[in-house]
Amino acid sequence: MSRRKTERLLNLVICLLATRRPLSAEQIRHAVPGYDRDGDEAFQRMFERDKNELREIGIPIDVVRDPWEEEPGYRIQRQSYELPEITLEPDEAAVLGLAAQVWQRASLAEAASGALLKLRAGGVATDESIGGGAGTGALELRVDTRDPAFPALWNAVRDRRVVRFDYRGAGSENVRERTVEPWGVVSRRGRWYLAGFDRDRRAPRAFRLSRITGQVVTVGRPGAVEVPEGIDLRAMVGFPEEPAPERTALIRVRQGACEGLRQLATAVHPGCEGWDEAELVFADTERLAGWMASLGADVEVVEPPDVREAVVRRLKGALA
């Protein structure tokens with residue numbers, strides 16, 4: 001929907017809500033921006049389409065026929081437009097509070113906190129300390145979506161749009177372009193996956209978000225993707241993974257910084273010029289690279305080369 005049309009529909013709703021008496025089509029034409037520049041026939045067609053669209057999304061427009069007037073009048077009854085009072089049981093409110101906590105660090109954090117604020121404003125108590133027991137906060141749930149591709153893929157799933165991205169296969173540095181019909185974004189064992197239909201391989205596939213490089217580009221129109229009925233997205237990403245062999249990374253760490261990294265290191269050797277050298281055992285290249293990139297200028301990966309390149313790639317992506 002174009003911005004001009006969206007503004008016109010919004011203005012029409014505001015106009016019909018604010019009026020104390022039904023307005024004729026001619027009065028609406030002069031009162032609502034976006035109508036006054038059209039001819040009579042064009043206005044009538046546009047006005048009819050707008051009324052139908054508003055009714056389709058659940059906005060009730062009443063038609064009032066006054067026997068003393070030639071033309072019918074239109075208005076929106078406030079009591080019909082407004083939502084009824086929302087009452088939640090304690091367990092339902094607790095679930096909403098817990099769900100908002102889960103998204104605290106994700107890209108949906110703002111929407112989640114805004115929803116909670118509206119509920120509290122309406123007098124609904126949301127239990128944010130659930131799971132804490134005697135020690136509030138003992139159970140802390142988080143959904144970590146630091147993968148840069150997550151917001152674009154989430155929107156593509158919502159809008160049912162085809163996506164295209166560059167993907168690096170497991171255990172390989174080769175990057176290939178993939179075109180995918182997204183069915184859903186799923187978390188498994190702390191990692192995020194896109195499940196969908198791979199148009200290049202002509203088969204359902206799952207893609208780990210941390211292996212997507214560059215930008216995710218949408219292809220075609222919204223609504224083009226049809227999700228098969230009964231599809232089990234979790235089963236699609238439930239394939240067995242071969243455990244990666246453990247390796248040792250050599251990390252330069254700024255003196256006096258990164259105490260957590262130092263605690264996990266198998267060895268820390270004094271360095272020079274304000275740096276120490278830490279040896280860190282790891283199995284997942286991308287997970288280690290994400291951690292090192294988050295520490296910024298306090299660390300520098302010396303080896304192995306694939307971890308160093310993965311950190312550089314993430315930092316360049318953040319800069320872009």
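Two strands are taken to pair if DSSP finds at least two bridges between them; helices (H or I, at least four residues) and strands (E, at least two) are DSSP runs, numbered from the N terminus. The model is predicted, with local features needing pLDDT of at least 70 and side-chain atom pairs counting only at pLDDT 80 or more, while totals for chains, interfaces and linings use all residues. Residues are numbered from 1 along each chain as its sequence is written, and side-chain values use heavy atoms, with hydrogens and water left out.

A good place to start is the open sheet, where five strands follow the order E6-E5-E4-E3-E7 with antiparallel pairing. Its edges are strand E6 (203-208) and strand E7 (212-219), each pairing on one side only. Within the sheet, strand E4 (residues 175-188) and strand E5 (residues 191-198) run antiparallel and are joined by eight bridges; here Val-186 stands opposite Tyr-193 in E5.

Strand E8 (residues 247-254) also has antiparallel partners: eight bridges link E8 with E10, and four link E8 with E11. Arg-252 has Glu-277 in E10 as its bridge partner, whereas Leu-250 lies opposite Glu-303 in E11.

Turning to helix H11 (residues 305-319), its buried residues (under 20% relative accessible area, 1.4 Å probe, protein chains only) are Val-307, Ala-310 and Val-311. They sit on the same side of H11 because they cover an arc of only 100° around the axis, taken from the directions from the helix axis to the C-beta atoms. The face turned away from that buried side carries Pro-305, Lys-316 and Leu-319, which are exposed (over 50%). Cover for the buried residues includes strand E10 (275-282), helix H10 (285-294) and strand E11 (299-303), with contact meaning heavy atoms within 4.5 Å.
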